[in-house]
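User: I have this one open and would like to talk through how it packs. Could you take me through it, starting wherever you like?

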Amino acid sequence: MPRRKKKREQSTPIPVDWSFVLRYSSVSIYDSAFKHGIHSSDIVHAHTHAVAFFEFSSSYPERKLLVIGSDTAGNLLELIGVVKRGDVLVIIHSMPLRRRFSELMERNSGYA
């Protein structure tokens, strides 16, 4: 039997202003970030060499970020991370950049 997709409310990420620097006390990667076969070195490279940051508006107390950056081969990845207490960024998702987010990046000036 085919899996049914859950209907979720899709919130559109809001661009993070480049006028400030995002700093974290540490960055960690949850096991869920490896679901799509992305290696940890590619995740770290994409975060370190990010070309765009977006913040999801949510009702959760933690900030949820979309980070777009390239892996070690130059392919764009999407990373989703949650900022926990003590400014620890936890990467919970990584995969090749989807059209939805590449179009979002193109629509926002400074990212095209």
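Analyst: This is a predicted model, and a convenient place to begin is Val67, which, leaving aside residues up to four places away in sequence, touches Ala46, His47, Ala50, Ala52, Phe53, Leu77, Glu78 and Leu79.

User: And apart from the core there, what other core is there, and how many residues has it?

Analyst: Another core lies apart from it and consists of 10 residues, with Phe54, Phe56, Leu66 and Ile68 among them.

User: Back to the largest nonpolar core, then: which residues touch the most other members?

Analyst: That core has 13 residues, and those touching the most other members are Ile43, Val67, Leu79, Leu89 and Ile91. Two or more residues each come from α1 (40-48), β3 (50-56), β4 (63-70), β5 (76-84) and β6 (88-96).

User: Which element gives the most to this core?

Analyst: That is β5, which gives three residues to this core.

User: Zooming out, what's the order of helices and strands along the sequence?

Analyst: The protein has two helices and six strands, and, read along the sequence, they follow the pattern β-β-α-β-β-β-β-α.

User: How much of the contact set is between residues 24 or more positions apart?

Analyst: Taking the contacts in the protein with a separation of 6 or more, 53% are between residues 24 or more positions apart.

User: Last topic, burial and surface: what share of the residues is buried, and what area does the protein expose?

Analyst: Of the 112 residues in the protein, 37% are buried, while the exposed area comes to about 7,800 Å², of which carbon and sulfur atoms supply 51%.

Methods. Residues are numbered from 1 along each chain as its sequence is written. This is a predicted model: local features need pLDDT of at least 70, side-chain atom pairs count only at pLDDT 80 or more; totals for chains, interfaces and linings use all residues. Side-chain values use heavy atoms; hydrogens and water are left out. A nonpolar core is a set of buried Ala, Val, Leu, Ile, Met, Phe, Trp, Tyr and Cys residues joined through side-chain atoms within 4.5 Å. Buried means under 20% relative accessible area, exposed over 50%, partly exposed in between (1.4 Å probe, protein chains only). Helices (H or I, at least four residues) and strands (E, at least two) are DSSP runs, numbered from the N terminus. Contact means heavy atoms within 4.5 Å. Accessible areas come from the Shrake-Rupley method with a 1.4 Å probe; for residues, only the protein chains shown count as cover.
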